[in-house]
Amino acid sequence: MSGVLVSLENVHAAFGTRSLLDGVSLGIGTGERIGLVGRNGAGKSTLLRIIAQQAEPDAGRVVHAGHSRVGSLAQADVLPAESTVRELVVGAAADHEWAADPRRRGVLAGLGLLDRLDDVVGPMSGGERRRVALARLLVQDLDLLILDEPTNHLDVEGVAWLAGHLAGWRGGLLVATHDRWFLDEVCARVWEVVDGRIDAYEGGYSAYVLARAERARRADATEARRQNLLRKELAWLRRGPPARTSKPRFRIDAANALIADEPPARDPLALRSFATSRLGKDVYDAEHLTVRIGERVLFDDITWLIGPGDRIGLVGVNGAGKTTLLRALLGEISPAGGRVRTGASVRPALLSQEIAELPPSLRALEAVEQVGRVLEVEKGRERTAGQLLEQFGLPSSRQWTRVGDLSGGERRRLQLLRLLMDRPNVLLLDEPTNDLDTDTLTALEDVLDSWPGTLVVVSHDRYFLERTCDVTMALLGDGQLRMLPGGIEEYLRRRAEAGPGTGSALGTGSALGTGSALGTGSALGTGSASVAGPAGPGSAGTGNGRVAVSTEPLSGGELRAARKELARLERTLDRLTRREQELHEALAAAATDHERLLELNDQLRTVVADKENIEEAWLSLAADVEG
């Protein structure tokens with residue numbers, strides 16, 4: 001750190017009778033990359049405004065280095081409605097001037113604004129305005145960037161681009177966000193606002209979780225519940241998909257010691273069995289579904305089978321129709337073609353993006369108990385409405401607050417709890433992470449871990465999707481629905497390969513998605529002999545980059561059987577991969593023992609051969625399923 005950009009000395013700030021910052025002293029240096037976390041209402045935005053000199057502390061002082069240039073992004077984008085993108089981002093600069101500036105051009109291209117310079121800001125959506133506000137800030141020469149929830153309204157691609165752009169940022173960075181993947185990708189330190197103080201942690205979100213778990217382990221018994229949640233999340237971070245490259249950032253030995261006896265976050269087989277007993281064999285069968293909005297075709301002849309216990313994440317470009325697809329499943333939208341068959345015992349619940357109308361005169365606890373007093377969180381274990389409210393960040397001291405006096409984030413938690421207390425067996429969640437802090441997200445994930453039903457989640461929060469769902473489905477803007485065995489990484493790759501201004505990386509073949517909770521299968525084509533595009537994971541690639549599929553689709557029973565076999569093959573592949581790694585390590589350890597080397601080498605050849613055979617069988621079966 002070559003110099004301090006901003007320093008706070010004994011800063012106090014209060015909101016009404018509540019103290020938000022109590023004697024806070026800190027500094028931000030050149031090149032520091034700090035993430036800011038904390039409960040909703042803890043004072044994160046207040047701290048950011050004070051550092052940006054947009055608000056005055058009640059006591060103490062804020063000192064900026066004389067040369068420092070500070071830019072800030074607020075949660076709400078306040079842009080002049082009559083201005084154009086060009087006026088806000090490039091000003092009066094001629095086209096040849098700003099186009100020759102790689103930073104300006106890169107920011108405009110990355111945020112999808114290059115061809116929208118003459119668009120007026122007023123009619124834009126929230127996501128479009130967010131991109132304009134970001135572009136306006138990122139093209140400036142600044143020493144310190146202060147960002148308050150920068151990923152709000154951004155889709156998965158937008159969040160990934162912003163993280164990549166900020167990775168090359170050379171100035172200071174202070175960002176408040178509930179997006180945990182973004183924290184891990186961008187930040188090298190984490191500040192937690194808690195009880196009026198700032199607790200500092202080295203590393204990104206993963207390191208922060210570890211450090212908090214270590215502290216909780218040393219705390220007294222009243223912290224046992226919080227400790228268990230942290231241990232569960234830490235265990236998932238360590239045992240999750242290998243593609244989560246941010247995990248190794250924290251101390252591996254310490255993490256392993258903490259989670260030595262921690263079971264997996266959930267038991268898929270037990271949950272599926274319980275879900276089947278509640279739901280039967282059928283949930284939603286969308287067959288040859290076509291939906292039009294005006295003249296535009298959102299879905300064109302798609303088929304999607306959703307079964308009991310499936311946990312599905314749904315991603316897609318903005319405007320692709322994710323919310324519309326949920327409402328079509330519920331029967332709220334009449335399709336132009338095809339039909340949706342709903343299981344006889346399905347009891348669905350939809351969490352919409354808008355905060356549902358809540359009775360403002362009721363107390364928070366009364367609003368939840370109005371729907372139900374007890375929730376069975378897993379077989380044989382129940383929690384009361386008060387216990388769940390506390391878990392979701394509303395302690396007993398706040399449970400008798402009137403709904404009308406709660407913050408937006410607190411009302412969002414009430415909306416979630418009321419939904420759960422109604423005992424649905426199918427949950428359709430549309431952007432459930434909106435307005436929720438990281439602690440509340442962890443608590444929600446804990447509840448969903450043991451929730452025995454079918455789950456479909458629409459979200460731009462990739463961490464939440466990876467944490468709660470087993471399958472990723474995608475709407476790529478071409479009217480088709482596809483399964484992505486490679487998850488969010490595969491979605492981003494396909495979108496990048498599609499290039500700007502295109503709806504899909506896969507051509508126009510019809511898609512049959514499957515909601516298997518075991519994460520198997522791939523994008524399945526129907527009505528076409530091949531699906532153009534690059535062969536991704538789970539696809540049988542051919543020399544011309546096309547995936548050969550059968551012209552005869554499998555029946556429903558055959559498809560389910562094939563999915564189970566694919567799951568078995570995947571488990572076998574995982575086991576053989578682990579065994580291959582063990583043998584490589586044993587070979588290295590036995591470098592001086594000739595006989596042992598020969599023995600281990602023979603075992604390795606056998607394992608590699610078995611692995612190749614299983615891979616071929618998987619690819620062959622996947623190709624059959626694609627038919």
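Q: Why is the meeting of the side chains of Asp 437 and Arg 39 called a salt bridge?
A: A salt bridge requires a side-chain nitrogen of Lys or Arg within 4 Å of a carboxyl oxygen of Asp or Glu, and for Asp 437 and Arg 39 the N to O distance is 3.9 Å, so the pair qualifies. This is a predicted model, in which local features need pLDDT of at least 70 and side-chain atom pairs count only at pLDDT 80 or more, while totals for chains, interfaces and linings use all residues. Residues are numbered from 1 along each chain as its sequence is written, and side-chain values use heavy atoms, with hydrogens and water left out.

Q: What makes this a pair that links distant parts of the chain?
A: Asp 437 sits in the loop between β17 (426-430) and α16 (438-449), whereas Arg 39 sits in the loop between β3 and α1 (44-51), and the two are 398 residues apart. The helices (H or I, at least four residues) and strands (E, at least two) are DSSP runs numbered from the N terminus.

Q: Is Asp 437 counted as buried or exposed, and on what relative accessibility?
A: Buried means under 20% relative accessible area, exposed means over 50%, and partly exposed lies in between, with a 1.4 Å probe and protein chains only. Asp 437 has 2% relative accessibility and therefore counts as buried, whereas Arg 39, with a relative accessible area of 26%, is partly exposed.

Q: How do you know that Arg 327 forms a salt bridge with Glu 332?
A: The closest N and O atoms of Arg 327 and Glu 332 are 2.5 Å apart, which satisfies the salt-bridge cut-off. Arg 327 is partly exposed at 26% relative accessibility, and Glu 332 is partly exposed as well, with a relative accessible area of 47%.

Q: What makes Asp 446 and Arg 383 a pair that ties together parts of the chain?
A: The closest N and O atoms of Asp 446 and Arg 383 are 3.7 Å apart, and the two residues form a salt bridge. Asp 446 lies in helix α16 and Arg 383 in strand β16 (residues 381-384), so the pair joins parts that are 63 residues apart in sequence. Both residues are buried.

Q: Why is Asp 179 described as having no salt bridge?
A: Lys and Arg count as positive and Asp and Glu as negative, with His and the chain ends not counted. The nearest side chain of opposite charge to the buried Asp 179 is Arg 180, at 6.8 Å, so the pair falls outside the salt-bridge cut-off. Asp 179 lies in the loop between β7 (172-176) and α7 (180-186), and its side chain reaches the backbone nitrogen of Phe 182 at 3.0 Å.

Q: What makes the largest nonpolar core a core, and how many residues has it?
A: A nonpolar core is a set of buried Ala, Val, Leu, Ile, Met, Phe, Trp, Tyr and Cys residues joined through side-chain atoms within 4.5 Å. The largest has 71 residues, and those with the most contacts inside it are Trp 304, Leu 325, Leu 414, Leu 427 and Tyr 491. Helix α15 (residues 408-421) supplies the largest share of this core, 6 residues. A second, separate core of 50 residues includes Val 85, Ala 93, Leu 108 and Trp 169.

Q: Why is Gly 31 called partly exposed?
A: Its relative accessible area is 37%, which means that Gly 31 falls between the cut-offs for buried and exposed. Gly 31 is found in the loop between β2 (18-29) and β3 (33-38).

Methods: Polar contact = N/O pair within 3.5 Å; in protein donor to acceptor, adjacent residues only side chain to side chain.
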